[in-house]
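Me: I am new to this structure and would like a close look at a single part of it. Please keep the sentences short.

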Amino acid sequence: MRSLSFAIGGPLGRHANDPPRRRFWAPTRVVLLSAIVMAALSWLQKYPCADGGWADFQQYTQYCYSDIRALWGAERLDQGAIPYLDHPVEYPVLTGYFMGIFGLFSYGVLGAAGGTVYYHLSAIVLLILGVVAVAGLLKLRPGRPWDAMMLVAAPAVLFTALVNWDWLPVALTMFFMVAFARGRTVTAGILWGLAVAAKFYPLLIAGPLLLLAWRYRRFRAALVTVGVAAATWLVANLPAIIWAREGWYRFFELNSERGIDWGTSWYIVRHFTEPGDPLNELLGTIPVLNWLYLVAFVVACVAIAWLTLFSPTPPRLAQVAFLVVAAFLLTGKVWSQQYVMWLIPLAVLARPQWRMFLVWQVGELLYFFGFYSELLTVSSSNDNPAPVWGLVIPEWVFIAASLARLVTLTMLVVAVVRDVRDPSRDVIRSFYGTDPDAGLLLPASGPETVRAGKPLPDRSPRR
C-alpha cells in the first residue's frame, strides 16, 4: 500500500514538516474518498434484496440478506409499532430507537409498503456512520493515514456492512477512543455509554481499560470514563425500562435462551459428536451451554489479564481490547456474520500489518460464502428446491469454512500476543514511542521503555 501511495505523493516522512500548501489529494482525503466509494459498493451489493421480495432464495443466492429489511415485518414496523412499547425488540435500546425512528417515518409516508424506503434510509445513515468510523480511525493514527485503508478495503466490510446496524456502535466506539486518547474523559464516557446502548460489545473494553489503569497506577481517567459511560447507558435505557420493561428485557432474555449458533466453535465441536453422546447432550442443554461458554470466556480473559499485567511493557489499549473481543467471539455460542465489523477497526488499531490481516479476511470470506450456501442447503427441500444457480453444499464444507474463520482469527490473535510480548515487533509503538490511545493513563514523565533502559523515540503528536 505504501508503494502504491507514491503515485499520489506518498506518505509524509517521519522528519518532514507539513508544507504550508498541501496537495488536494492528501492521503487522508484519498482514504475518506475510498471509504465513500466502498460505502456505495456496499449499498449496491445489498440492493437486490432492498424490496424484500426475495423470490427463489434470492437473499442467499445473491448474498444480499439484511436484518434491516427482514425485520421490517418481523418487528411489526410495517404496522407502525413502536419498538419495546408495542413489540419486544431483540437489540439494545439505541439500535431499537434507530429502528423506530426510521420505521415510524417510513410507515407514516407509505404505510405497510414503506419497507424499501425504510431499508434505504437506514442503509444511507449507517454507511455515513461507516465513513465517520473511518474518520475516527484516521484521528487515532495521525501520521499513519494508510492504516485506515485497511478498514476501508476489508472485503468482509463490503459484504457485511449492511447485514445489521453495527456501523452505529462501531462509529461511536471509534470516537470514544478518539476522545479518550485526547484526555477528554467525560466526552469519552458519553460516547462509550451510547455505544454500549447500541450493541453490548463495547462493554468488553472496560476490562482492558481498568487493567491498564492498574498497570499504570493511574485510575482517575479510567474511573471517570467508566462512571460517565454507566450513567449515559442508564439514561439512554430509562425510557424503555420505565414504559416498556418487558419489551426492553427481551434482549437479555433472548441471549440467555439462545442455543448454539451457526459456525461457532461449539457448533464445530458438536458436529464431531453423535446424537446421544454425553457431550452432544450437554451442548444441547441451554443452561449447561451458557456455563460452558462463560467459563471458556473467563479463562481467556484471565490469560489476557495476566498478559496485560505481567508483559515486559504495558500493552496498548487497542491490543488488549482486540484480544478480549476476539476471545468473546472465539468462545461464544453466537458468532453472527456481521460480528466481524466489531473486530476489524480494533484489529487495525492493534496490528496494522496487511499480510496477516488479509489472511484473516480470506477466512472471513470463506465463512461468509459458506454460510449462505449452508442456509440455502437447509432451506431447500423437495417441495421448494434451490434454484439451479444456487450453491448447495454438504455439511463438511460449511464446517471447513467455519474452521477457516476460527483458525485465521486465532492466528491474528497469536500475532498480537507476540507483539505484546516483544514490543519491538509492534509497528505502532515503534512509530509513536508509546501508546497513542492510552490518553491520561500514560505517565507524564515521557515515553515508555521497551527494553531495559532503552526508550523508544517519542513521535507521538502533541495534545
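Me: Take Pro345. Does Pro345 count as buried or exposed, and why?

Reply: Pro345 counts as buried, because its relative accessibility is 1%, and the cut-off for buried is under 20%. Bear in mind that this is a predicted model.

Start with the setting. Pro345 sits in helix α18, which covers residues 340–350. The chain comes to 21 helices and 2 strands. Of its 463 residues, 54% count as buried.

Now the neighbours. Leaving out residues up to four places away in sequence, Pro345 touches Leu137, Leu151, Val170 and Met174. Another pair spans a long stretch of sequence: Pro345 and Ala154 are 191 residues apart in the chain. In space, their C-alpha atoms are 10.0 Å apart. Across the chain, take the contacts with a separation of 6 or more. Residues 24 or more positions apart account for 74% of them.

Next, Trp167. Leu151 appears again here: Trp167 touches Leu151, and its other contacts include Leu126, Leu129, Ala133, Val157 and Met341. Again, residues up to four places away in sequence are not counted. The largest nonpolar core has 139 residues. Trp167, Phe322 and Ile344 are the ones with the most contacts inside that core.

Trp167 also leads to a cavity. The structure holds 3 cavities of 30 Å³ or more. The largest has about 100 Å³ of space. It is lined by 13 residues, and the closest to its centre are Ala35, Met38, Ala39, Val157 and Trp167. Helices α2 (27–46), α6 and α7 (148–153) each give two or more residues to this lining. By class, the lining has 11 nonpolar and 2 polar residues, with no charged ones.

One more helix belongs in the picture. Helix α5 runs over residues 93–110, 18 residues in total. From first C-alpha to last, α5 reaches 25 Å, close to the 26 Å expected. Its buried residues include Val93, Leu94, Phe98, Met99, Phe102 and Ser106. The buried residues of α5 pack against several helices, among them α6 (115–140) and α9 (167–181). Just after α5, Gly111 takes a positive phi of about 65°.

Back to the start: Pro345 is buried at 1% relative accessibility, and Leu151 is one of the residues that Pro345 touches.

Methods:
Residues are numbered from 1 along each chain as its sequence is written. This is a predicted model: local features need pLDDT of at least 70, side-chain atom pairs count only at pLDDT 80 or more; totals for chains, interfaces and linings use all residues. Side-chain values use heavy atoms; hydrogens and water are left out. Helices (H or I, at least four residues) and strands (E, at least two) are DSSP runs, numbered from the N terminus. The expected span of a helix is 1.5 Å times one less than its number of residues. Buried means under 20% relative accessible area, exposed over 50%, partly exposed in between (1.4 Å probe, protein chains only). Contact means heavy atoms within 4.5 Å. A nonpolar core is a set of buried Ala, Val, Leu, Ile, Met, Phe, Trp, Tyr and Cys residues joined through side-chain atoms within 4.5 Å. On a 1 Å grid over the protein atoms alone, a cavity is a set of points where a 1.4 Å probe fits but cannot get out, and a pocket is an open set with protein on both sides within 12 Å along at least five of seven lines; lining residues have an atom within 4 Å of a point. Grid points are joined across faces, edges and corners, and a volume is the space filled by probe spheres set on the points. Ala, Val, Leu, Ile, Met, Phe, Trp, Tyr, Cys and Pro count as nonpolar, Asp, Glu, Lys and Arg as charged, and the others, Gly among them, as polar.
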